[in-house]
Amino acid sequence: MFIVSLEYIKQLSEVDKHIDAHVDYLQKYYTKKVFLFSGRKVPRTGGVIMANCANLEQLQKIIEQDPFHRAAVARYQITEMIPTMSAENLEVFKEYI
């Protein structure tokens with residue numbers, strides 16, 4: 001599992017030009033059950049995506065499709081994590097060591 005932290009590197013006026021396409025991109029990967037949740041940072045300096053991918057290479061290929069990435073309006077920091085504890089309704093994502 002991965003936490004993707006986006007940081008906007010352009011003005012919000014430039015970011016906003018790509019919002020609709022970015023939302024369509026997110027929806028595509030929600031449908032495929034790759035993205036688990038996402039949202040804006042507060043203050044609005046970027047966003048966060050929780051992704052359930054097989055490996056980092058798969059996630060990097062997915063990120064390359066993001067309109068924010070293609071328009072170079074955001075930079076991405078990826079953190080891999082192994083969920084070992086969760087709320088009851090999220091236990092399906094836990095990994096046991």
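This is a short tour of a predicted model, going from the sheet to the helices and then to the largest pocket.

**The sheet.** Select the four strands: together they make an open sheet in the order S2-S3-S1-S4, with antiparallel pairing. Strand S2 and strand S4 (74-80) are at the edges and have a single partner strand each, so one side of each is left without a neighbour in the sheet. From one strand to the next, the twist averages 15°.

**S1 and S3.** Now keep only S1 and S3 on display. These two strands run antiparallel and are joined by six bridges. Pick Val4 and look across to S3, where Ile49 stands opposite.

**The helices.** Add H2, which lies across S1, S2 and S3. The angle between H2 and S2 is about 155°. Next add helix H3, residues 56-63, which lies across S1, S2, S3 and S4. H3 runs at about 160° to S4.

**The largest pocket.** Select Tyr8, His22, Leu26, Gly39 and Arg40, the lining residues that lie nearest the centre of the largest pocket. The lining has 14 residues in total. Which elements give two or more residues to this lining? They are strand S1 (2-8), helix H2 (19-31), strand S2 (35-40) and strand S3 (46-51). Colour the lining by residue class: eight residues are nonpolar, five polar and one charged. The space in this pocket comes to about 200 Å³.

Terms used: Residues numbered from 1 in each chain as written. Predicted model: local features only at pLDDT ≥ 70, side-chain atom pairs only at ≥ 80, totals over all residues. Heavy atoms only, no water. 1 Å grid on protein atoms, 1.4 Å probe; cavity = no way out; pocket = protein on both sides within 12 Å on 5 of 7 lines; lining within 4 Å. Points joined across faces, edges and corners; volume = space filled by probe spheres on them. Nonpolar A, V, L, I, M, F, W, Y, C, P; charged D, E, K, R; others polar. Pairing = 2+ DSSP bridges. Axes fitted to C-alpha atoms, helices over the stretch in contact; angles between N-to-C directions. Contact = heavy atoms within 4.5 Å.
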